[in-house]
Structures are given as structure tokens and as C-alpha cells.
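Welcome! Here are a few short exercises, each with a worked solution, to help you find your way around a protein you have not met before.

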Amino acid sequence: QVQLVESGGGLVQAGGSLRLSCAASGLTFSSFAMGWFRRAPGREREFVAAISRSGGNTYYAASVKGRFTISRANAKNTVYLQMNSLKSEDTAVYYCAATRSFTMTAMALGRRQEYDYWGQGTQVTVSS
């Protein structure tokens with residue numbers, strides 16, 4: 001059974017930092033590209049960042065580029081999202097997701113439908 005478990009969320013002041021982790025089990029982690037999405041209150045789930053199987057290619061939404069960094073440790077079956085310079089508009093539930101797709105483009109990886117497995121999410125609240 002595939003499980004993706006996010007952790008690291010919490011309450012932080014604007015301008016602060018958080019590091020999210022997503023631990024995967026029940027799958028061959030290095031065979032999946034990984035992504036982070038978020039859903040703010042009253043809004044649809046949106047793409048944040050994605051990373052290729054090897055970690056050599058990364059993709060970001062324009063709203064987080066330059067502030068967030070996605071990385072992965074295949075030996076630990078874990079993907080990370082380092083979030084710096086947080087803003088109130090970053091407040092959301094953050095989800096990690098895994099995809100078998102070999103279409104490594106920003107457009108493809110930005111689509112929710114591209115992903116096969118999802119975690120339950122972790123809340124990030126940024127106070128202004």
C-alpha cells in the first residue's frame with residue numbers, strides 16, 4: 001500500500017521559513033517524479049513545485065520561484081520543500097504527490113491529473 005506522509009507544517013510569521021517533508025512508502029521511490037501542491041481556503045488545489053526522478057530537474061510555480069526549493073533524497077524515500085520568505089498568501093494545506101509519468105515538462109507536472117498518489121496534507125499558516 002502506497003503511503004505519502006507530509007510533515008513540517010505549522011504557524012510562522014511572514015518572512016519566516018519552514019521545511020516540509022514527505023516520506024514515501026510502498027513504492028519504488030526513485031521510479032516516481034514528485035510534486036508539491038497546495039490548497040488555500042476557498043481555492044482549488046494548485047501546483048507549487050515538482051522534481052524529476054533523479055532530482056536533476058525542478059519546476060516551480062511563478063508565485064514561489066526564488067523563494068521555495070524542492071529537493072529529494074532517494075535513499076531516504078523523502079521529498080522536501082524548503083519555503084523561505086513566506087507570505088500570508090502562502091497559507092494553505094500542502095500536499096505531496098507522486099507520478100509515474102515520464103512527461104517531464106512544467107505543463108504536465110503542473111496538472112493534478114498527472115499524479116497517481118497523494119498524501120493527506122500538512123497545514124501551513126503564515127501570519128502577517
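**Exercise 1: Reading the fold**

From the N terminus on, the elements run β-β-β-β-β-β-β-β-β-α-β-β. Keep in mind that this is a predicted model. Work out how many helices and strands the protein has.

Solution. Step one: count the symbols, which gives one helix and 11 strands. Step two: look at how the chain comes together. Among contacts between residues at least 6 apart in sequence, 60% join residues at least 24 apart.

**Exercise 2: Size and surface**

Decide whether the radius of gyration agrees with or departs from that of a compact globule.

Solution. Step one: a compact globule of 128 residues would have a radius of gyration near 14 Å. Step two: the protein has 13 Å, so the value agrees. Step three: add the outline, in which the C-alpha trace spans about 40 × 25 × 25 Å along its principal axes. Step four: turn to the surface. The accessible surface comes to about 6,400 Å², and 46% of that belongs to carbon and sulfur atoms. Of the 128 residues, 45% count as buried.

**Exercise 3: A covalent link**

Find the cysteines that form a disulfide, and say which strands they lie in.

Solution. Step one: a disulfide is a covalent bond between the sulfur atoms of two cysteines. Step two: the cut-off is a pair of cysteine sulfur atoms within 2.5 Å. C22 and C96 form a disulfide, with their sulfur atoms 1.9 Å apart. Step three: C22 lies in strand 3 and C96 in strand 9 (residues 92–99), so the pair ties together parts that are 74 residues apart in sequence. Step four: check the surroundings. C22 is buried, with a relative accessible area of 0%, and C96 is buried with a value of 0% as well.

**Exercise 4: Two residues, two settings**

Is S21 buried or exposed? And how does T125 count?

Solution. Step one: place the residues. S21 lies in strand 3 (residues 18–25), while T125 lies in strand 11 (residues 122–127). Step two: recall that buried means under 20% relative accessible area. S21 has 18%, so S21 is buried. T125 has 29% relative accessibility and therefore counts as partly exposed. Step three: list neighbours, leaving out residues up to four places away in sequence. S21 touches V5, E6, S7, W36, T78, V79 and Y80, whereas T125 touches G10, L11, V12 and T91. Step four: compare sequence with space. T125 and A14 are 111 residues apart in sequence, yet their C-alpha atoms are 9.4 Å apart.

Definitions and conventions:
Residues numbered from 1 in each chain as written. Predicted model: local features only at pLDDT ≥ 70, side-chain atom pairs only at ≥ 80, totals over all residues. Heavy atoms only, no water. Helix = DSSP H or I, 4+ residues; strand = E, 2+ residues; numbered from the N terminus. Rg over C-alpha atoms; globule rule 2.2 N^0.38 Å. Buried < 20%, exposed > 50% of the residue type's maximum accessible area, 1.4 Å probe, protein only. Contact = heavy atoms within 4.5 Å. Areas by Shrake-Rupley, 256 points an atom, 1.4 Å probe, with all protein chains shown as cover.
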